[in-house]
Amino acid sequence: MFGLIGHSSSFRDARLKARDLGLEELAEGELDLWCSAPPQLVETFELTSATGQTIQGTYIDSCFVPEMLSRFKTATRKVQNAMELAQKKGINITALGGFTSIIFENFNLAKFQQIRATLLQWERFTTGNTHTAWVICRQVEQNAPRLGIDLTKAKVAVVGATGDIGSAVCRWLSRRTGVAELLLVARQQQRLEDLRQELGGGRVLSLEEALPEADVVVWVASLPQTLSIEAESLRKPCLMIDGGYPKNLDTRVASEHVTVLKGGIVEFVRDIGWQMMEMAEMSNPRRQLFACFAEAMLLEFEGWHTNFSWGRNNITLEAMEQIGAASIRHGFSALGLEPVEAPAIALVA
Ligand code: NDP
């Protein structure tokens, strides 16, 4: 059995979902009630791999909502309680989805292993970031050429370059894909400089400097809702992979020359008998899901019951290759642009 720990994308959505599930008290409740609400085991479902293997999974809603991010104690308690529930249910491997892995890392929850009577076993949990990083790189490699962008000549900006996912994406794009130049964007300059040295190249730029130069932009930072981007200042064409959370770039910059693709999303080969993706604004919620959730499924399919993605900046290219091969084997594909239609061939009688 694998597990997925997630949350709604807003307080409003969380209340709507609670109503759907018949949890009337939560549906009517104010944020303070939600702050003290325990995690909910929402559903158990099955999925069958392209190989024919069937596994069972469980979705646990942590009852966290992004409006709680500023409440340190609440946010940490939500993540810890959901992890405790997953372990008590005997789940082998559980992915920390959405903000839960970021809260775990940013608030250093690895220091707090004892939750009431439960000693959390880290090998039962994964952030899912290795698969997410691999999927994002594949989205770049598969879709840039479709827009006429030759990656060996392209400049690729990575916004959030020093993060767990961002640094892995940078390593892959420079060493495996062979992009012409990486533009490294984040706020803390020393970490950027350390990354640049590790990569043996790349240029550290501000967001404003990087955007007009970039043929491809990979967003792997949670950016403020107020960020505004001038579509006219971007390269034509420009491919944007919106890997951050929430995914809201398309409404801001998509235009005739700027193509925005939801990053870190995979599509499964068969329908999955679950309801949970309905709220995640996937165009095909029966088959599409976050790559971090898919990592827990892959670890269960393969019997790799280990914290495959854990800590910060530990993702190796070998681990990306390993999870990527499993992803293809079991029937996941990275979300891509619609295939460009081949020009009609005129038939001469
Ligand atoms: P990290 O916290 O490890 O990294 C965040 C990165 O973003 C850091 O480089 C940070 O550097 C940078 N950053 C943060 N704020 C800004 C800003 N305002 N401007 C520029 N850079 C910024 O996060 P992860 O790598 O774990 O996750 C990255 C994103 O991916 C998150 O938004 C997460 O929700 C999303 N995610 C998506 C998944 C999916 O779609 N399948 C799965 C998992 C995660 P600095 O602090 O120096 O600015």
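Phe268 stands opposite Phe332 in strand E16, where E16 covers residues 332–334. Strands here, like helices, are DSSP runs numbered from the N terminus, with at least two residues (E) for a strand and at least four (H or I) for a helix. The facing residues belong to a pairing in which E14 and E16 run antiparallel, joined by three bridges; two strands count as paired if DSSP finds at least two bridges between them. Strand E14 (residues 265–268) also pairs with strand E15 (residues 288–290), again in the antiparallel sense and over three bridges. In that second pairing, Val266 has Leu289 of E15 as its bridge partner. As a helpful reminder, strands of a sheet pair through backbone hydrogen bonds, either parallel or antiparallel.

The model described here is predicted, so local features need pLDDT of at least 70 and side-chain atom pairs count only at pLDDT 80 or more, while totals for chains, interfaces and linings use all residues. Residues are numbered from 1 along each chain as its sequence is written, and side-chain values use heavy atoms, with hydrogens and water left out.

Two open sheets can be followed strand by strand. One has five strands in the order E2-E3-E1-E4-E7, with mixed pairing. Its edges are strand E2 (40–48) and strand E7 (125–126); each has a single partner strand, so one side of each is left without a neighbour in the sheet. Within this sheet, strand E1 (residues 2–6) and strand E3 (residues 54–61) run parallel and are joined by five bridges. One of the residues to look for is Gly6, whose bridge partner in E3 is Asp61.

The other open sheet has six strands in the order E10-E9-E8-E11-E12-E13, and its pairing is parallel. Here strand E10 (203–204) and strand E13 (258–262) stand at the edges, each with a single partner strand, so one side of each lacks a neighbour in the sheet. Strand E8 (residues 155–159) pairs with strand E9 (residues 181–185) in the parallel sense over five bridges, and Ala157 has Leu183 as its bridge partner in E9.

Aromatic rings offer another view of the fold. The structure holds 14 aromatic pairs, a pair being two rings of Phe, Tyr or Trp (its six-membered ring) with centres within 6.5 Å; planes under 30 degrees apart count as stacked, over 60 as edge-to-face and the rest as tilted. The rings of Phe2 and Phe45 have centres 5.8 Å apart and planes at 70°, so this pair is edge-to-face. Phe2 lies in strand E1 and Phe45 in strand E2, so the pair ties together parts that are 43 residues apart in sequence.

The ligand has 26 residues around it, and Thr162, Arg187, Gln188, Ser222 and Arg312 come nearest; a residue is near a molecule if one of its heavy atoms lies within 4 Å of it. Polar contacts, pairs of N or O atoms within 3.5 Å, link ligand oxygen atoms to the backbone: a polar backbone atom lies 3.3 Å away in Gly160, 2.9 Å away in Ile165 and 3.5 Å away in Gly263. On its own the ligand has 920 Å² of accessible area, of which the protein covers 90%, as computed by the Shrake-Rupley method with a 1.4 Å probe. Helix H6 (129–143), helix H7 (164–177) and helix H11 (291–302) are the elements that give two or more residues to the shell. Domain 1 (2–129 + 266–334) and domain 2 (131–264) each supply at least three shell residues, with bounds taken from an automatic or database domain assignment.

Two backbone details complete the description. The peptide bond from Lys236 to Pro237 is cis, with omega near 0°, and Pro237 lies in the loop between strand E11 (216–219) and strand E12 (238–242). Cys63, a residue other than glycine, has a positive phi near 60°.

Note on methods:
A polar contact is a pair of N or O atoms within 3.5 Å; within protein, one must be able to donate a hydrogen and the other to accept it, and residues adjacent in sequence count only if both atoms are side-chain atoms.
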